[in-house]
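Visitor: I would like to understand how the labels in a structure description are earned. Could you take me through some of them, one at a time?

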2 protein chains.
Amino acid sequence: MRDAWERPGGGGGVSAVLTNGNIIEKGGVNFSAVWGILPEHTRKSMNLPADDALEFFATGISIVIHPHNPMVPIIHMNTRYFEILPAGQGVTKQWWFGGGIDLTPHYIDENDARYFHQHLKTVCDSHHRDYYPEFKTWADEYFFIKHRNETRGVGGIFFDYLKGENGFTKESRFAFVKDVGSAFAPVYTHFMKKNNALLFGEQEKQWQYLRRGRYAEFNLVWDRGTKFGLETDGRTESILMSLPPQARWVYNHQPTPHSPEEKTLQLLQKNIDWIS
Amino acid sequence: MRDAWERPGGGGGVSAVLTNGNIIEKGGVNFSAVWGILPEHTRKSMNLPADDALEFFATGISIVIHPHNPMVPIIHMNTRYFEILPAGQGVTKQWWFGGGIDLTPHYIDENDARYFHQHLKTVCDSHHRDYYPEFKTWADEYFFIKHRNETRGVGGIFFDYLKGENGFTKESRFAFVKDVGSAFAPVYTHFMKKNNALLFGEQEKQWQYLRRGRYAEFNLVWDRGTKFGLETDGRTESILMSLPPQARWVYNHQPTPHSPEEKTLQLLQKNIDWIS
């Protein structure tokens, strides 16, 4: 299903959703390019100066995929570009890039996590040696479900406010962000091909539903983009495309000791060096 | 299942959960009585003066019930009492009551909504003629899923900051709040007895899961108590006991024209006078 939508204040987007594919149970891609006058609350939440009306331009792509098979991880990718311009002037335009990729396995396989992080590190290292360590830490901090004291998954990379400073140009930043976007399809194809062949039963499905509940909790309670979109009258169906097809909540669920579920919970922590 | 818990800064509570009963699929009761020094962010969110440390005492009971049968509504009840005391003084203690009951049918039956509101109106009217109209409107405003432009259900009553003013005493406020609490069991017993006999099939279950998704959205995105609890390190399992046993999300779901599901959506609005 594919829907184009327009934003009353300027711009619009396209949302595309795949439901009940062979491997993908629910997958969505959002593209948007919007512009206009930056709302007051947005300016505040971005810590921008309050002394002048600001025009803005924002564009981005987001992807979230929930697979059928609990052995295949959930993946999320986003790239975005933002411009602001003090109204009526036009000389002090500011711009920056943001984005990232992160992986949420229902069952954590350390080899898969290593493969994923190594892949992202290679992309990062080809642009700057500080990118991977900095953006890996940022992902750990960002994709953290504070009220559960758990990370959402094994993290990945997350970055924002990549500007033209410290020797970086718009071209070099854009080249990096494009490479992040290009990394998405091969890395997830790898996991789909390899892990969709793994067997699972009712126990693994039930665990998947619980983990999808956590995914919904993160997105609805903590994800800045989701909260911001819902509070500022964004297109709800596009924003909430990231929610899982189903979720489940069990009061005070505790995994069986020494089970794969318990191992996964123990690995949902910040600051794990998956590569070494 | 019944868990007692303690709060490090003072007090504690008891959470009791019933799972997979004959009628109730998941039902929880939370009791808590906590005290200590009011955290800075709490004081801000309550619009209290920032010039002095404040001791507080808070106690409350919350109940949420998710039934198996989609023809039986979800119900929520809460009563609470709050005291604050400027630290080290002890003369200008402030206190207030809050609470309410609201009903979330998966399928709205206007006769059921009328019965529910009439019952609440009778309780309110026996204490003050302004209570029902005021608290009914407050519930419509509070239990509103802004990003869906839908109310959570058919509302009920919601009230807060009921103080000793305008001729009301602590005794008269407390008598009202106790009557609200006492109204819960008979009114929900009525719906359990009457509606659990109604037949349903897979279509009604699937719709129930979608509506439970909306319930989760409201609680995680908009409910002040839930947000406040999660952001201030409350006991997560007790706070999230209100979440449904399962939920489901379908991109851009549209009900069949002229179906009971469409009728329900059309009635999820503020300012419906259910009684007249």
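Guide: Let us begin with A:Asp125, which has a relative accessible area of 34% and is called partly exposed. Please keep in mind throughout that this is a predicted model.

Visitor: Why is A:Asp125 called partly exposed?

Guide: The label buried needs a value under 20% and the label exposed a value over 50%. The 34% of A:Asp125 lies in between, and therefore the residue is called partly exposed. A:Lys121, with a relative accessible area of 27%, is partly exposed by the same reasoning.

Visitor: What makes A:Lys121 and A:Asp125 a salt bridge?

Guide: The closest N and O atoms of A:Lys121 and A:Asp125 are 2.7 Å apart, and the rule asks for a Lys or Arg nitrogen within 4 Å of a carboxyl oxygen of Asp or Glu. The pair meets that rule, so it counts as a salt bridge. Both residues belong to helix α2 (residues 110-125) of chain A, and because they are four residues apart there, about one helical turn separates them.

Visitor: How do you know that A:Glu217 and A:Arg148 are buried, and what joins their side chains?

Guide: A:Glu217 has 0% relative accessibility and A:Arg148 has 13%; the cut-off for buried is under 20%, so both residues receive that label. Their side chains meet in a salt bridge, with 2.7 Å from N to O. The pair links distant parts of the chain, since A:Glu217 lies in helix α5 (residues 202-222) of chain A, whereas A:Arg148 lies in the loop between β7 (144-145) and β8 (150-151), 69 residues apart.

Visitor: Why is the contact of A:Arg224 with A:Asp160 counted as a salt bridge?

Guide: The N to O distance for A:Arg224 and A:Asp160 is 3.9 Å, and the limit is within 4 Å, so the pair is counted. A:Arg224 is in helix α6 (residues 224-231) and A:Asp160 in strand β9 (residues 155-162), both of chain A, 64 residues apart. At 46% relative accessibility A:Arg224 is partly exposed, while A:Asp160, at 10%, is buried. A:Arg80 joins these two residues in a network of salt bridges. Over all chains, the structure holds 31 salt bridges.

Visitor: What makes the meeting of B:Glu237 and A:Arg148 a salt bridge between chains?

Guide: The side chains of B:Glu237 and A:Arg148 come to 2.9 Å, N to O, which is within the limit of 4 Å, and therefore the pair qualifies. The count between chain B and chain A is two salt bridges, and 13 residue pairs are in polar contact across the interface.

Visitor: How is the size of such an interface expressed?

Guide: The size of an interface is often given as the accessible area lost when the parts come together. Chain B and chain A bury about 2900 Å² between them, with 57% of it on carbon and sulfur atoms. In chain B, the residues that lose the most area to chain A are B:Glu237, B:Trp249 and B:Tyr251, together 29% of what that side buries. The contact takes 33 residues from each of chain B and chain A.

Visitor: What makes β10(A) and β10(B) a pair of strands?

Guide: Strand β10 (residues 246-248) of chain A and β10(B) are joined by three bridges in the antiparallel sense; pairing needs at least two bridges, so the strands count as paired. A:Gln246 stands opposite B:Arg248 there.

Visitor: Why are β1(A) and β2(A) called paired too?

Guide: Strand β1 (residues 2-6) and strand β2 (residues 11-19) of chain A share five bridges and run antiparallel, so they also meet the requirement of at least two. One of the matched positions is A:Trp5, whose bridge partner is A:Gly13. The hairpin of these two strands has four residues between them, and A:Gly10 takes a positive phi near 135° in it. Nine bridges then join β2(A) to strand β3 (residues 24-37) of chain A, again antiparallel, and A:Ala16 stands opposite A:Val29.

Technical notes:
Residues numbered from 1 in each chain as written. Chains lettered and ligands numbered in written order. Predicted model: local features only at pLDDT ≥ 70, side-chain atom pairs only at ≥ 80, totals over all residues. Heavy atoms only, no water. Contact = heavy atoms within 4.5 Å. Buried area = accessible area lost by both parts, 1.4 Å probe. Polar contact = N/O pair within 3.5 Å; in protein donor to acceptor, adjacent residues only side chain to side chain. Buried < 20%, exposed > 50% of the residue type's maximum accessible area, 1.4 Å probe, protein only.
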